[in-house]
Amino acid sequence: MYFELDEHQSRLAAYIEATYHISSPELVALRRALLDEDRAIAQRPYLESTARYTAPRRFDTLDIPAPARALLTALGRQKVVFDPPYAHQSDALERTLTHGDDLLVMTGTGSGKTETFLLPLLSQLYVEAVERPASFKVRGLRSIILYPMNALVNDQLTRLRGLLGHPAVVEAFVKAAGRPAKFARYTGRTLFPGEVPRADDERAADYLNRRLAPLKLYLRLMEQAADNPNPALRDEAKVLIDRLKETGRWPSKPDLHRWYWGDAGRKWFKKDGSLARTVENNEQDAELLLRHEVQTSPPDLLITNYSMLEYTLLRPLERGIWSRARERFEAFPDERLTLVLDEAHLYRGAGGAEVALLLRRLRQRLGLSADRVQVICTSASFERQDAALDFIAALSGKPQTGFVPLRGERLASAPSGPGDGALAATLAAVSLSALSDDDPRARAEAAPARPPTAEETP
């Protein structure tokens with residue numbers, strides 16, 4: 001760990017020197033001496049353990065609709081989700097599914113805040129698929145997860161692939177409604193921008209091949225795992241594919257190779273001019289990977305950032321996403337939009353005011369009143385509950401009284417108190433001065449070769 005910290009400090013110093021060029025050798029040397037000083041650009045690290053939270057109830061005991069209870073219990077048995085969940089995750093399920101409340105999740109870092117909205121989103125979709133199949137059959141946005149930056153979007157995409165894209169979840173939705181729950185990331189990194197070229201454009205194939213070049217990595221790995229004559233390389237590709245799937249780095253399309261190449265001899269267009277490749281399989285694909293998939297048949301859940309959300313509300317190219325959502329909400333007046341504002345504390349100042357207005361424009365575009373939008377806000381940075389409620393109400397445009405704050409209940413370590421004599425003797429024999437020494441060899445020798453016994457320790 002100390003090596004990595006030292007390496008991090010040296011790289012930060014190198015970045016500063018490269019970014020802010022100085023021509024004077026004397027000043028360069030002086031700056032280097034300042035950067036090398038202890039605690040000049042990096043403090044000594046502090047280690048903090050992650051808090052544990054109470055998990056008193058299993059999914060099958062929660063007061064939530066029966067389809068959601070059955071699905072979550074089955075996923076718990078398969079280790080897709082943790083059963084029992086934390087108390088605030090259980091409360092989030094009951095509050096959103098049974099009572100229809102808005103949520104303000106104020107639990108700490110590492111408390112499973114993500115599950116306080118992912119589990120309700122999954123459950124809402126499954127309840128609709130089972131109990132309201134006519135509504136679920138109609139494609140259109142039902143949920144939006146909004147982030148202030150792309151890094152958070154990309155991280156959340158891996159979580160969605162591990163949950164909504166999990167084979168057990170896909171199978172449950174297909175069995176209930178004939179199709180998986182659909183999700184998509186829609187940001188600047190989503191392939192590919194612009195309109196699909198015309199079939200009679202002689203440059204169309206080259207354009208599409210260039211735009212979708214990042215997908216070739218997946219295709220090469222699949223081909224290597226299937227056809228490489230070298231067994232070692234073939235096994236290596238299979239291991240890498242499994243690892244990418246486990247970490248959510250692989251698209252949630254069960255037949256990615258066929259989706260990309262199509263069934264028309266690898267031609268890009270059919271005779272009628274429509275695309276013959278990269279066309280969504282409604283009965284199999286949980287994830288919409290490309291922009292034209294989202295524009296053609298919008299997903300149930302969209303994860304994006306506020307800048308892209310504003311662009312899509314303005315650009316004619318994405319007009320169909322919102323018009324189809326509005327038509328669905330008009331056809332089913334009892335359905336609501338679920339809006340998740342993760343890391344909500346980042347929407348502050350002038351930027352926060354812009355996002356607040358953007359959310360009101362979104363509601364107007366969809367023709368929804370405030371009571372037809374269920375809001376879930378999360379942040380580990382909120383401390384004062386009253387101030388946080390004022391902030392979230394102003395941001396979302398919903399009354400403060402409708403939000404239920406969730407703080408979580410921390411689990412105290414038990415038993416707490418002194419350890420046994422052997423543990424105390426071992427810790428007492430450690431040299432604290434050597435442990436804090438800058439020399440790695442001195443730190444390695446901080447503990448004695450043979451810890452003293454309890455009898456040897458005064």
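**Backbone features, enclosed cavities and the packing of one helix**

With a relative accessibility of 22%, E343 counts as partly exposed, since the partly exposed class runs between the limit of under 20% for buried residues and that of over 50% for exposed ones. In this predicted model, the residue belongs to the loop between β6 and α16, and its phi lies near 55°, a positive value in a residue other than glycine. Most residues other than glycine have a negative phi, and most peptide bonds are trans.

The two elements that flank this loop, β6 and α16, also take part in the lining of the largest cavity, to which β6 (337-341), α16 (349-366) and β7 (373-378) each supply at least two residues. A search of the whole structure returns two cavities of 30 Å³ or more, and the largest of them has a volume of about 80 Å³. Its lining consists of L337, L339, L359, L362, R363, L366, V373, V375, S396 and K398, with the largest share, four residues, coming from α16. Divided by class, the residues around the largest cavity are seven nonpolar, one polar and two charged.

The second largest cavity has a volume of about 40 Å³ and is lined by L157, R161, R185, T190, E287, L288 and L289. Two or more of these residues come from each of α7 (150-163) and β4 (287-288). In this second lining, three residues are nonpolar, one is polar and three are charged, whereas the lining of the largest cavity holds seven nonpolar and two charged residues.

Helix α7 appears again in the second largest pocket, where α7, α8 (167-177) and α11 are the elements that give two or more residues to the lining. About 500 Å³ of space lies in this pocket, and 20 residues line it, with G165, P167, K245, P251 and S252 lying nearest its centre. The largest share of the pocket lining, three residues, is supplied by α11. By class, nine of the lining residues are nonpolar, six are polar and five are charged.

Besides lining the pocket, α11 (231-246) is among the elements that cover the buried residues of helix α10, as is α12 (256-261). Helix α10 comprises twelve residues, 216-227, and spans 16 Å from its first C-alpha to its last, close to the 16 Å expected at 1.5 Å a residue. The buried residues in α10 are Y218, L219, L221 and A225; they lie on the same side of the helix because they cover an arc of only 160° around the axis. On the face turned away from this buried side, α10 carries the exposed residues R220 and D227.

Beyond α12, the loop between α12 and β4 contains G265, which counts as exposed at 65% relative accessibility. G265 and R277 are separated by twelve residues in sequence and, C-alpha to C-alpha, by 9.8 Å in space.

Two cis peptide bonds may be described in turn, one of them between D83 and P84, with omega of about 10°. P84 is placed in the loop between α3 (66-77) and α4 (87-98). The loop between α3 and α4 also contains K79, whose phi is near 65° and is thus a positive value in a residue other than glycine. The relative accessible area of K79 is 71%, and the residue is exposed, whereas E343, with its positive phi near 55°, counts as partly exposed. Another cis peptide bond joins L191 and F192, with omega of about -15°, and F192 lies in the loop between β3 (183-185) and α9 (204-211).

Key
Residues are numbered from 1 along each chain as its sequence is written. This is a predicted model: local features need pLDDT of at least 70, side-chain atom pairs count only at pLDDT 80 or more; totals for chains, interfaces and linings use all residues. Side-chain values use heavy atoms; hydrogens and water are left out. On a 1 Å grid over the protein atoms alone, a cavity is a set of points where a 1.4 Å probe fits but cannot get out, and a pocket is an open set with protein on both sides within 12 Å along at least five of seven lines; lining residues have an atom within 4 Å of a point. Grid points are joined across faces, edges and corners, and a volume is the space filled by probe spheres set on the points. Ala, Val, Leu, Ile, Met, Phe, Trp, Tyr, Cys and Pro count as nonpolar, Asp, Glu, Lys and Arg as charged, and the others, Gly among them, as polar. The expected span of a helix is 1.5 Å times one less than its number of residues. Buried means under 20% relative accessible area, exposed over 50%, partly exposed in between (1.4 Å probe, protein chains only). The arc is that of the directions from the helix axis to the C-beta atoms. Contact means heavy atoms within 4.5 Å.
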